[in-house]
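Here is a short tour for anyone meeting this structure for the first time. Take a look at the picture, then read on.

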Amino acid sequence: MRHGKKVNHLGRTDSHRKAMLANMATSLIKAKRIVTTLAKAKALRTYVEPIITKSKNDTTHSRRTVFAYLQDKEVVTILFREIAEKVANRPGGYTRIIKLNNRLGDNAEMALIELVDYNEVYGKESEAKEEKKTTRRGRSKAAAAPKAEVTEEAATEAPAAEEATEEPKGE
């Protein structure tokens, strides 16, 4: 039974797990996306998202709290300057986990974890969809009229075409 078990220990001691998650968090903040196992990605999400939430409030106390987790001054400045600006209006859900193929060596489930606001692929698609939102539900009378003229012209040309095809057949 798993009563009260809320932390995935990842087969490591407490100090090793905290150091590993801190290192993975710094890599995620620097590179904006990393590839790791699915279990580590899920553990990293619960570790990183509260840190990003703290970075929204740029005070000395929140900077020191985040530094206690990450232990890297450069990453803390990146987090508070760049990432905090992008996620200022987002109420949570700063990371996205995408499952990948299993690893060849040991068949471990792999995943890509990334910061949501830094993915250009999804951003471009949503912008393109917003631009193309002009769909009509019904026809306007002006648009229907030219098509009627075209069909009348095609109707007058069709018998002439039939006559032209009938002449060679008669020979």
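Where is the place of E82? It sits in helix α4, which covers residues 73-86. Keep in mind as you read that this is a predicted model.

## Around E82

So what is E82 up to in helix α4? Its relative accessibility is 41%, so E82 counts as partly exposed, since that label covers the range between 20% and 50%. Leaving out residues up to four places away in sequence, E82 touches K32, T77 and Y118.

There is also a long jump in sequence here. E82 and I29 are 53 residues apart along the chain, yet their C-alpha atoms are 10.0 Å apart in space.

## The overall layout

Now step back to the whole protein chain. It has 6 helices and 3 strands, and reading along the sequence you meet them in the pattern α-β-α-α-α-β-β-α-α.

The chain has 171 residues, and 29% of them count as buried. Take the contacts between residues at least 6 apart in sequence: 56% of these join residues at least 24 apart.

## Two lysines and a tyrosine

Y118, one of the residues that E82 touches, has company over its ring. K32 lies over the face of Y118, at 4.9 Å from the ring centre. K86 also lies over the face of Y118, with a distance of 4.4 Å from the ring centre.

K32 turns up twice in this story, as E82 touches K32 as well.

## A little hollow inside

How many cavities of 30 Å³ or more does the structure hold? The search turns up 1. The largest cavity has a volume of about 30 Å³.

Y118 shows up here again, as one of the residues lining the largest cavity. The rest of that lining is made by I52, I83, V87, Y94, L115, V116 and D117.

## The largest pocket

The largest pocket has a volume of about 240 Å³. Which helix gives the most to its lining? That would be α2, with 5 residues. Both α1 (14-31) and α2 supply at least two residues each.

If you'd like to find the pocket in the picture, look for its lining residues: K6, V7, N8, D14, R17, K18, L21, A39, K42, A43, T46 and Y47.

## An aromatic pair

Y47, part of that pocket lining, has another role to show you. A search of the whole structure finds 1 aromatic pair. The partners are Y47 and Y69, with ring centres 5.9 Å apart and planes at 85°, so the pair is edge-to-face. Y47 belongs to helix α2 (residues 38-55) and Y69 to helix α3 (residues 60-70), so the pair ties together parts that are 22 residues apart in sequence.

Are the two partners buried or partly exposed? Y47 has 15% relative accessibility, so it counts as buried. Y69 comes in at 42%, so it counts as partly exposed.

## S55 in helix α2

Helix α2 is also where you find S55. With a relative accessible area of 1%, S55 is buried. Setting aside neighbours within four places in sequence, S55 is in contact with L79, F80 and A84.

## E114 and its polar partners

Over to strand β3, where E114 is found. Is E114 buried or exposed? Its relative accessibility is just 1%, so E114 counts as buried, given that the label applies under 20%.

E114 makes two side-chain links worth a look. Its side chain has a polar contact with the side chain of R33, at 3.0 Å. The side chain of E114 makes another polar contact with the side chain of N119, at 2.8 Å.

## R103 in a loop

Last stop: R103, which has its place in the loop between β2 (95-99) and β3 (110-115). R103 is partly exposed, with a relative accessible area of 36%.

Which residues is R103 in contact with, leaving aside its neighbours within four places in sequence? They are T37, A108 and M110. T37 is 66 residues from R103 along the chain, and the C-alpha atoms of these two are separated by 8.7 Å.

Technical notes. Residues numbered from 1 in each chain as written. Predicted model: local features only at pLDDT ≥ 70, side-chain atom pairs only at ≥ 80, totals over all residues. Heavy atoms only, no water. Helix = DSSP H or I, 4+ residues; strand = E, 2+ residues; numbered from the N terminus. Buried < 20%, exposed > 50% of the residue type's maximum accessible area, 1.4 Å probe, protein only. Contact = heavy atoms within 4.5 Å. Polar contact = N/O pair within 3.5 Å; in protein donor to acceptor, adjacent residues only side chain to side chain. Phe/Tyr/Trp six-rings, centres within 6.5 Å; stacked < 30°, edge-to-face > 60°. Lys NZ or Arg CZ within 6 Å of the ring centre and 35° of its normal. 1 Å grid on protein atoms, 1.4 Å probe; cavity = no way out; pocket = protein on both sides within 12 Å on 5 of 7 lines; lining within 4 Å. Points joined across faces, edges and corners; volume = space filled by probe spheres on them.
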